[in-house]
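Before the details are taken up, a look at the ligand and the polar atoms around it may be a useful way in. The questions that follow begin there and then move outward.

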Amino acid sequence: MSKTDKIQGVRGMNDVLPADEAYWRRLEDVVADSMRGYGYQRIRTPIVEQTRLFVRGIGEVTDIVEKEMYSFTDALNGEQLTLRPECTAGVVRAAIEHNLTYDGPRRLWYSGPMFRHERPQKGRYRQFHQVGAEAMGFTGPDADAEVILLCQRLWDDLGLVGVQLEINSLGQAHERRAHRDALIAYLEANAGQLDEDARRRLHSNPLRILDTKNPAMQALVEGAPKLIGFLGEESLAHFDGLQALLRAQNLPYRINPRLVRGLDYYNLSVFEWVVDGLTICGGGRYDPLVEMLGGKPTPACGFALGVERVIELMRRAEPELAESLCDVYVVHQGAQAGVAALQAAERLRDSGLDVVMHCGGGSFKSQFRKADASGAFAAVVLGDDEVAAGEATVKWLRADDGAAGSGQQQRVPLERVAEVIIGFVQDEG
Ligand code: ATP
Ligand code: MG
């Protein structure tokens, strides 16, 4: 290996390049607006947390804790730390630590990178991003319905189509235990049909077996005892309540009895949003978690969406989304014009316009090529002629910019350039 070898990024961890920025920015804007629209406040927790937080909060026998966490020992003080694989545990930790629910319920949201050591493939990465919301302190199904409506609004505002809601109820722990006993008995009676993964999980996490993607086990799983049959009156009332609210909002959903979610802390409602068999968002209620992490018992529900998967759908819905580099591109030639151009660019920025000033010289022709490629709607041109007259030429670049038309130009006194360009933007509405 030589000292000048190319050093590459880490497998499964992506660069988000400027070409994709338009999608990321739209998603971030829509998310921030929608969260505000429902009274959610943003919280930013650290990317690194104590490993114990996830082991306790997510559950020891989950995929994440068993094999997906980036954990390490802090070389300086021996602490066991982990790059967050999800954010709910961190948000709940922070809410407890800072007593955020002391004066009543609290709605929080977050956005940021998560880390899971999975096999990278399309839509599955080792660093990926999630946006999520957590409603803490609410017991009733109205809170569950509200986070679901918030998701639906996100899909609508992002222009996604075909996103389908699946829901289920996981009941309470004692109901799941009764179901689990029945499930283990059923699976043991059919042990010959279990694959290796299922045999390993039979006693540790049999519920997860229902989530198997192995085609050979589908019939077995289909015939397994269903949790819904083990739910008591209160759990059923909560589930019915949620469904009544969704129906009242004309929000279509499908009950998927096999929807179990990967994380241990869920109870009652769980849901996923699915497009063509791919899950883009999952959530539900996790009433036990706050107490499990050392807080006062506080019911809660929320969701997390996978940003990369959502952006892939945005791209499908709108393949051409692109941002222009700037509003105005400044073209200039000659030493004096260079000084005037730098000044003109600053004045234009003072007026709120996004300006790229050409740097590095070159012919007018090559500079105009760059101006066109930048997506700017106007070029400001400064040559010796213009500078001598204390003027600039404003050239309108886009054919679709109505009245002015592409290629049209006008001479304008230097001090009026910003005014003329802004007047044009306002006329165009
Ligand atoms: P899957 O079954 O696809 O592994 P999950 O149940 O592990 O998903 P959650 O922990 O519920 O996923 O995370 C919520 C969302 O985050 C998922 O619906 C998905 O959109 C996204 N997500 C999860 N893991 C990844 C990953 N490795 N790469 C990209 N996105 C991911
Ligand atoms: Mg997973």
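Q: How far is an oxygen atom of ligand 1 from an N or O atom in the side chain of Arg116?
A: In this predicted model, the side chain of Arg116 offers an N or O atom to an oxygen atom of ligand 1. A polar contact is a pair of N or O atoms within 3.5 Å, and the separation of the pair at Arg116 is 2.8 Å.

Q: How much of the accessible area that ligand 1 has on its own does the protein cover?
A: Besides Arg116, a polar side-chain atom of Glu118 lies 2.6 Å from a nitrogen atom of ligand 1, and a polar backbone atom of Tyr125 is 2.9 Å from a nitrogen atom of ligand 1. On its own, ligand 1 has 580 Å² of accessible area, and the share of this that the protein covers is 87%.

Q: Which residues come nearest to ligand 1?
A: There are 14 residues around ligand 1, and by class they comprise 5 nonpolar, 4 polar and 5 charged residues. Those that come nearest are Arg116, Glu118, Arg124, Tyr125 and Arg261.

Q: Which element gives the largest share of the shell around ligand 1?
A: At least two residues of the shell around ligand 1 are supplied by each of three strands, β6 (127-136), β10 (278-285) and β11 (300-306). The largest share amounts to 3 residues, and the strand that gives it is β10.

Q: Which residues does the UniProt annotation "binding site" cover?
A: The annotation comes from an unreviewed UniProt entry. Arg116, which has an N or O side-chain atom 2.8 Å from an oxygen atom of ligand 1, is one of the residues that the record lists. In full, the "binding site" annotation in that entry covers Glu86, Cys87, Thr88, Arg116, Gln130, Glu134, Arg261, Tyr265 and Tyr266.

Q: Is Glu86 buried or exposed?
A: Glu86 sits in the loop between β4 (80-83) and α4 (88-97), and a polar atom of its side chain lies 3.3 Å from the backbone nitrogen of Thr88. The relative accessible area of Glu86 is 4%, and the cut-off for a buried residue is under 20%. Glu86 is therefore classed as buried.

Q: Which residues does Thr88 touch, not counting residues up to four places away in sequence?
A: Thr88 belongs to helix α4, and because its relative accessibility is 7%, it counts as buried. With residues up to four places away in sequence not counted, Thr88 touches Tyr110, Glu134, Tyr265, Tyr286 and Leu289.

Q: With which residues is Arg201 in contact, leaving aside its neighbours within four places in sequence?
A: Helix α7 is the place of Arg201, and a relative accessibility of 10% makes Arg201 count as buried. Leaving aside neighbours within four places in sequence, its contacts are with Asp63, Pro206, Arg208 and Ile209.

Q: With the side chain of which residue does the side chain of Asp197 make a polar contact?
A: Asp197 is also placed in helix α7 (residues 196-201), and its relative accessibility of 33% makes it count as partly exposed. The C-alpha atoms of Asp197 and Ile209 are 8.1 Å apart in space, although the two residues are 12 apart in sequence. The polar contact of the Asp197 side chain, at 2.8 Å, is with the side chain of Arg200.

Q: What is the phi of Asp276 near?
A: Most residues other than glycine have a negative phi. Asp276, in the loop between β9 (267-275) and β10, is exposed, with a relative accessible area of 68%. Its phi has a positive value, and that value is near 45 degrees.

Q: What is the phi of Asn99 near?
A: Asn99 lies in the loop between α4 and β5 (106-115), where it counts as partly exposed because its relative accessibility is 41%. Asn99 is a residue other than glycine with a positive phi, and this phi is near 55 degrees.

Q: How far apart in space are Pro297 and Asp287, C-alpha to C-alpha?
A: Pro297 lies in the loop between α11 (289-292) and β11, and at 61% relative accessibility it counts as exposed. Pro297 and Asp287 are 10 residues apart in sequence, and in space their C-alpha atoms are separated by 7.8 Å.

Notes: Residues numbered from 1 in each chain as written. Chains lettered and ligands numbered in written order. Predicted model: local features only at pLDDT ≥ 70, side-chain atom pairs only at ≥ 80, totals over all residues. Heavy atoms only, no water. Near = heavy atom within 4 Å. Polar contact = N/O pair within 3.5 Å; in protein donor to acceptor, adjacent residues only side chain to side chain. Areas by Shrake-Rupley, 256 points an atom, 1.4 Å probe, with all protein chains shown as cover. Helix = DSSP H or I, 4+ residues; strand = E, 2+ residues; numbered from the N terminus. Nonpolar A, V, L, I, M, F, W, Y, C, P; charged D, E, K, R; others polar. Buried < 20%, exposed > 50% of the residue type's maximum accessible area, 1.4 Å probe, protein only. UniProt positions renumbered as here; feature names shortened; annotations may be inferred. Contact = heavy atoms within 4.5 Å.
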